[in-house]
Amino acid sequence: MHDPIILDLQHKLAIATEALRKSEERATAGQLALEVMHDIRNPLESLRNLTYLTSIEADNPDKVRKYSALADEQMAIALDIADSTLGFARASISPRSVNLIKLAEAALRIHQQTIEAKQVRLVKDLPNEVVAPVYTGEMLQVLSNLIHNALDALPPAGTLCLRFRKRRGEVHLIVADNGHGIPDEHVDSVFQPFFTTKEDRGTGLGLAISRRIVERHRGTIRMRSSARPGRSGSIFKISIPV
Ligand SMILES: Nc1ncnc2c1ncn2[C@@H]1O[C@H](COP(=O)(O)OP(=O)(O)OP(=O)(O)O)[C@@H](O)[C@H]1O
Ligand SMILES: [Mg+2]
């Protein structure tokens with residue numbers, strides 16, 4: 001039963017299947033590249049600000065030392081993000097027990113300049129220690145993305161609140177702001193890749209990546225928001241099993 005028509009079809013199917021596999025591989029590689037670029041932008045921007053500060057304070061050794069230590073940390077964060085997105089860290093290391101408060105402080109330092117420039121009121125409702133097994137670079141990305149979104153939404157002198165809690169069997173990480181909020185018609189879309197209301201300033205990947213990372217930790221991320229004038233704001237709550 002070697003019908004030439006069937007043989008020809010089988011041959012064409014094999015070629016089409018191979019082409020599909022290659023294009024899927026390229027799409028995945030493209031997605032990964034986008035993710036790395038997205039999350040590395042924040043520490044890079046922070047680095048640029050720090051080098052600028054260093055140049056204008058060049059005569060003050062104490063300030064130069066302080067800024068270069070901060071720059072060092074931002075470089076380590078950028079590397080960590082690249083490694084974890086490319087799967088290097090994941091292949092060799094399992095989640096480590098990390099004090100998430102330290103991670104929150106590092107995430108805030110990524111956005112320190114914006115917080116100061118916008119005169120944001122920072123409310124930190126954090127116990128001394130909230131330990132959970134996490135992939136450090138990935139969870140730092142999530143916190144940085146949520147803080148970034150909150151800062152984008154806040155008016156000058158608005159409030160950013162970080163509240164972390166230990167509960168039986170899980171930890172809760174809450175990032176809240178009293179910014180402009182999310183209108184009802186967008187609530188179902190904000191976690192979709194490429195959904196953004198920021199036109200050329202946003203790619204719409206922050207929340208999609210964050211949700212994927214949280215789900216890889218077997219956790220959940222939920223959002224409540226109101227866009228009512230005078231009472232607007234958003235709360236993002238992450239729960240991770242410990
Ligand atoms: N805290 C918040 N307050 C108000 N709107 C928010 C908040 N967080 C997210 N959003 C809305 O959800 C959309 C999607 O957020 P997401 O972080 O995925 O992408 P983005 O911030 O637009 O772009 P990117 O994060 O890629 O720079 C935002 O464009 C914004 O409309
Ligand atoms: Mg964002």
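This passage describes a five-stranded sheet and the packing of two helices in a predicted model.

The sheet is open, and its five strands follow the order S2-S4-S5-S7-S6, with mixed pairing. Its edges are formed by strand S2 (121–125) and strand S6 (220–226), each of which pairs on one side only. From one strand to the next, the twist averages 10 degrees. Strands of a sheet pair through backbone hydrogen bonds, in either a parallel or an antiparallel manner. Strand S5 (residues 170–177) and strand S7 (residues 233–241) run antiparallel and are joined by eight bridges; within this pairing, Val-175 has Phe-236 in S7 as its bridge partner.

Helix H4 (residues 100–110) packs on the sheet, where it touches strand S4 (159–167) as well as S5, and the direction of H4 makes about 165 degrees with that of S4. Helix H4 also packs with helix H6 (residues 136–153), at an angle of about 50 degrees and with the two axes 9 Å apart. Because angles from 35 to 65 degrees fall in the oblique class, H4 is oblique to H6, and the crossing of these two helices is right-handed.

On the H4 side, the contact involves Leu-103, Ala-104, Ala-106, Ala-107, Leu-108 and Ile-110, which meet Thr-136, Met-139, Leu-140, Leu-143, Ser-144 and Ile-147 in H6. When the residues in the contact of H4 with H6 are sorted by class, 10 are nonpolar and two are polar, while no charged residues are present.

Note on methods. Residues numbered from 1 in each chain as written. Chains lettered and ligands numbered in written order. Predicted model: local features only at pLDDT ≥ 70, side-chain atom pairs only at ≥ 80, totals over all residues. Pairing = 2+ DSSP bridges. Helix = DSSP H or I, 4+ residues; strand = E, 2+ residues; numbered from the N terminus. Axes fitted to C-alpha atoms, helices over the stretch in contact; angles between N-to-C directions. Contact = placed C-beta atoms within 7 Å. Parallel < 35°, antiparallel > 145°, perpendicular 65-115°, else oblique. Left-handed = near helix turned anticlockwise from the far one by under 90°. Nonpolar A, V, L, I, M, F, W, Y, C, P; charged D, E, K, R; others polar.
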